[in-house]
Each structure stands twice: as structure tokens, then as C-alpha cells.
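Q: I have a new protein in front of me and would like to learn how to read it. Could we go through it together, feature by feature?

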Amino acid sequence: MVKNFTGRKTSFIPFRRTKPGIGPTNHTTSNGRISANRHLTQFAFGACSSGTLVHFSDPTATVQLNVFTYDENSFTEGKYKKVDDIPSVPLVPITPMLWIDVDGVHQHDIIAQIGARYDIHALVQTDITTTEQRTKLDVFDDALFLVCKLIFRDIGRTGHTVIEQISFYIKDNILITFQETPKDLFDSIKNRIRQGKGRIRKSKIDYLFYSLVDVIVDHYMDVLDTMGTKVESIDNQLMKTLKRDTLESIYDMKRDMLYLRAIISPLKEIIIKLQKEEETQIMQESTNIYLKDLFDHVVQVNDSIDTYREMLASFIDFYMMLNSNAMNEVVKTLTIISTIFIPLTFISGVYGMNFQHMPELTYKYGYYIVLGVMATLAIFMLSCFKRKRWF
């Protein structure tokens with residue numbers, strides 16, 4: 001089940017895809033026919049309790065093409081609905097950089113048109129539209145293709161932590177990014193292009209590629225900070241109360257960390273490969289220093305994931321120890337009570353025998369004496385247990 005979270009009781013749910021036959025399916029229209037060719041794979045922490053995953057891409061939404069053409073001295077920006085409307089890059093002595101940011105990958109005909117115009121292989125187009133790809137880097141004769149996951153807090157709309165797929169296709173002076181939904185995560189990069197700040201407009205297209213990946217890694221760190229706060233709250237909760245919900249939260253968090261590690265850890269090898277990439281000559285030597293910094297950030301993210309995983313594993317051991325101690329306390333209390341009643345039961349058993357000749361039975365104050373002896377014996381045993389610090 002997918003769980004809700006609000007306020008202080010926020011609890012991350014596992015990263016989870018919809019099962020076959022459950023949840024919305026991506027329907028695409030081609031030549032008047034509608035086909036259900038894949039399940040949307042965008043999923044999030046904190047969905048509704050009905051089990052429906054939140055923040056799905058809208059398969060009926062119009063794909064938008066955001067085009068940025070720039071060089072050191074000039075910049076143009078446009079938004080288009082059709083691929084044919086995108087202006088061609090002029091052939092001048094200094095060829096400008098072209099960044100096409102595609103919002104939406106559910107319309108296969110548009111992806112095919114982009115592929116035909118910019119010579120994108122059919123298998124790459126399939127990887128773009130199939131949003132269940134693992135993190136990977138493909139090197140072609142004249143291009144690079146990167147698929148990775150974009151994880152971010154959708155604070156403005158739902159407040160959930162969302163995961164989507166994003167693809168990069170880079171060749172010559174052209175960078176094409178494919179996102180599942182429109183979002184403002186790269187607004188800082190776009191503003192730097194508009195205002196001519198930083199190195200982007202002075203550098204080749206590989207620096208823009210690095211800058212976008214760096215933003216993605218920064219969002220990884222932001223999400224891990226949020227999850228780290230949750231880990232700390234679980235730690236504090238363990239020290240106060242022992243609840244089964246706490247154990248469920250620990251297992252959910254541990255599962256989330258395993259998934260995060262699976263999608264983030266390949267980035268280390270990918271960045272190393274980009275630093276050594278010499279076949280396409282796309283990645284400039286001047287960008288290597290920034291790739292090294294990006295590599296350090298990815299290592300830091302992976303180290304944080306490993307740290308949180310170890311903490312969660314220790315939380316499980318600690319929970320089991322607390323549970324065992326609580327059970328031992330119950331058993332100890334019952335044992336003390338049973339030990340106290342053993343001699344009392346013996347005394348009551350002796351005087352409960354129905355023998356005819358028992359002198360104490362006819363004594364006027366015999367009943368009160370026996371009660372006094374039993375009470376004194378119980379108090380004496382309790383004091384002995386207390387002196388030995390058994391309770």
C-alpha cells in the first residue's frame with residue numbers, strides 16, 4: 001500500500017512502480033489508432049492511500065519544444081509545438097549552440113520527427129520513450145546518449161518527492177533533453193543563458209551538458225537531506241517509544257535507499273567514462289575539471305546513501321534489542337510475582353488440608369496470624385528483590 005504523509009508524521013514510501021493492470025497507462029495516438037504501449041513510470045514518495053501513484057505524466061498533454069540558440073554575443077529563445085517550426089542553426093564561422101528541451105515523451109510521432117531531423121538512432125528513440133530505463137551512457141560515432149533519473153521535491157504543487165526519467169542526446173553543437181513533464185528545475189541554467197552570466201555562453205555545448213547533470217546531482221543531495229531528517233526522526237522515536245509503525249518506516253526507508261543506490265551509483269562510472277571519452281571529441285578537455293567536481297558530488301551522494309543504509313540496519317538491530325528487552329521486563333515481572341506467591345501458596349495449601357486434628361484451625365486468632373505471616377513473607381521477599389535490583 002502507498003501511504004500518505006503530512007506534517008511531522010511525514011513518512012517516505014518505497015519507490016514503487018505500478019503493477020501490470022494497475023494505474024494509468026500511457027495511450028499514444030498514431031494514424032487514428034490508440035495503443036496502450038507502456039505504463040507510465042513516474043512515481044513518488046507520499047501518494048494517496050488508495051494506492052494510485054501521484055503526479056503522473058498526462059498522456060493527453062501537448063509536447064512543448066523549448067529551444068535556446070546562443071553564442072557568446074547573442075541569444076534567442078523560442079517555444080514550439082511542431083518540430084518543423086524549429087529554426088535551423090545558421091552555418092556561420094562561429095556556429096551557435098542549440099539546446100532543445102523537450103517537455104513530454106509520450107507522443108512518439110514527435111520523437112520520431114526529432115530523430116529524423118537530428119539523426120537519432122531508432123533504438124535511442126525507443127530508450128527515450130520507454131521511461132523504465134536504467135541509468136546508462138551510450139557512446140556513438142558522433143554523439144553521446146545519457147539516461148538517468150531526475151529526483152526532486154515537488155514543493156510547489158504536491159509536496160511529494162518525485163522521480164522521473166530524463167534523457168540527454170548530445171552531438172556537435174546540439175544538446176537535446178527529453179523530460180517526462182514540464183518543470184522549473186533548470187530555470188537557473190536558462191536564466192544564466194538569457195543573462196549571459198557564467199561560462200555557459202562562452203563554452204561549448206558539453207559545458208551546458210555538465211551544468212544540467214550537476215543540477216540533477218544537486219537535487220539528489222537535497223532529497224537525501226530530507227531523507228536524512230527522516231532517519232534522525234526515526235532515531236529519536238526509537239529512544240522514546242517502541243511501535244510497530246517505526247519498524248515499518250525503517251524497512252520502507254531501507255528499501256528506498258536500495259533503490260536510490262541502484263539508480264545513482266552508475267553515475268560514477270559514467271562520469272569517469274565521460275572524462276576519458278575521446279572518440280566523439282564532444283567532451284572538451286577544459287570540462288574535465290568540472291566533471292571531477294561532479295564526480296566528487298556523486299561520490300558524496302553514494303557515501304550518504306551507504307551511511308543511511310548502515311544507520312537503518314543498526315536501527316533494525318536496535319529495535320529488535322529494545323523489543324527483546326521489553327519482553328524480558330515482562331517475563332521478569334511475571335517471574336517475581338510467581339516467586340512471591342510460591343511460599344504463600346504453600347502456606348495456604350497446608351492449612352487448606354481437611355485433616356481433623358490441626359491445632360491451628362481451632363485457635364481463635366490463627367487466621368489473622370497466618371495472614372500476617374504471609375504478608376510479612378511477601379514484604380521480605382520484595383525487599384530482597386529490591387536490594388538485589390531485580391526491579
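A: Sure, let's begin with the outside. The protein exposes about 21400 Å², and carbon and sulfur atoms supply 55% of that area. Keep in mind that this is a predicted model.

Q: What share of the residues is buried?

A: A residue counts as buried when its relative accessible area is under 20%. In this protein, 44% of the 391 residues are buried.

Q: How many helices and strands are there?

A: The secondary structure comes to nine helices and 10 strands. You can also look at how the chain folds back on itself: take the contacts between residues at least 6 apart in sequence, and 67% of them join residues at least 24 apart.

Q: Let's pick one helix. Which residues of helix α3 are buried?

A: First the general idea: an α-helix has 3.6 residues a turn, so residues three or four places apart point the same way. Now the case here: α3 covers residues 187–195, and its buried residues are I189, K190 and I193. Looking down the axis of α3, you find these buried residues within an arc of 100 degrees, so they line one face of the helix.

Q: What do the buried residues of α3 pack against?

A: They pack against three strands, β4 (64–70), β5 (75–80) and β6 (97–103), and against helix α4 (205–240). Just after α3 comes G196, and its phi is positive, near 70 degrees.

Q: How do I read aromatic pairs, and how many are there?

A: Rings pair if their centres lie within 6.5 Å, and planes under 30 degrees apart count as stacked. The count here is seven aromatic pairs. One of them is F68 with W99, a stacked pair with 5.2 Å from centre to centre and 25 degrees between the planes. F68 belongs to strand β4 and W99 to strand β6, so this pair ties together parts 31 residues apart in sequence.

Q: Are F68 and W99 buried or exposed?

A: F68 is buried, and W99 is buried too. Ring pairs also bring in F75, giving a cluster of F68, F75 and W99.

Q: What about a pair that isn't stacked?

A: Try Y210 and Y290: their ring centres are 5.5 Å apart and their planes meet at 40 degrees, so the pair is tilted. Y210 sits in helix α4 and Y290 in helix α7 (residues 288–350), which puts these partners 80 residues apart. Y210 is buried, at a relative accessible area of 8%, while Y290 is partly exposed, at 22%.

Q: Where does the charged end of R199 sit?

A: A ring can have a charge over it as well as another ring beside it. The charged end of R199 sits over the ring of Y207, 5.4 Å from the ring centre.

Q: Which residues does UniProt list as "transmembrane region"?

A: The unreviewed UniProt entry lists residues 330–353 and 365–385. You can set that record beside the model. Residues 330–353 are 88% helix and 0% strand, with end C-alpha atoms 34 Å apart. Residues 365–385 are 95% helix and 0% strand, with end C-alpha atoms 31 Å apart.

Q: Let's finish with one residue. What does L377 touch?

A: L377 lies in helix α9 (residues 366–387). Leaving out residues up to four places away in sequence, L377 touches P343, L344 and I347. The C-alpha atoms of L377 and P343 are 8.1 Å apart, although 34 residues separate them along the chain. L377 itself is partly exposed, with a relative accessible area of 27%.

How values were computed. Residues numbered from 1 in each chain as written. Predicted model: local features only at pLDDT ≥ 70, side-chain atom pairs only at ≥ 80, totals over all residues. Heavy atoms only, no water. Buried < 20%, exposed > 50% of the residue type's maximum accessible area, 1.4 Å probe, protein only. Helix = DSSP H or I, 4+ residues; strand = E, 2+ residues; numbered from the N terminus. Arc of directions from axis to C-beta. Contact = heavy atoms within 4.5 Å. Phe/Tyr/Trp six-rings, centres within 6.5 Å; stacked < 30°, edge-to-face > 60°. Lys NZ or Arg CZ within 6 Å of the ring centre and 35° of its normal. UniProt positions renumbered as here; feature names shortened; annotations may be inferred. Areas by Shrake-Rupley, 256 points an atom, 1.4 Å probe, with all protein chains shown as cover.
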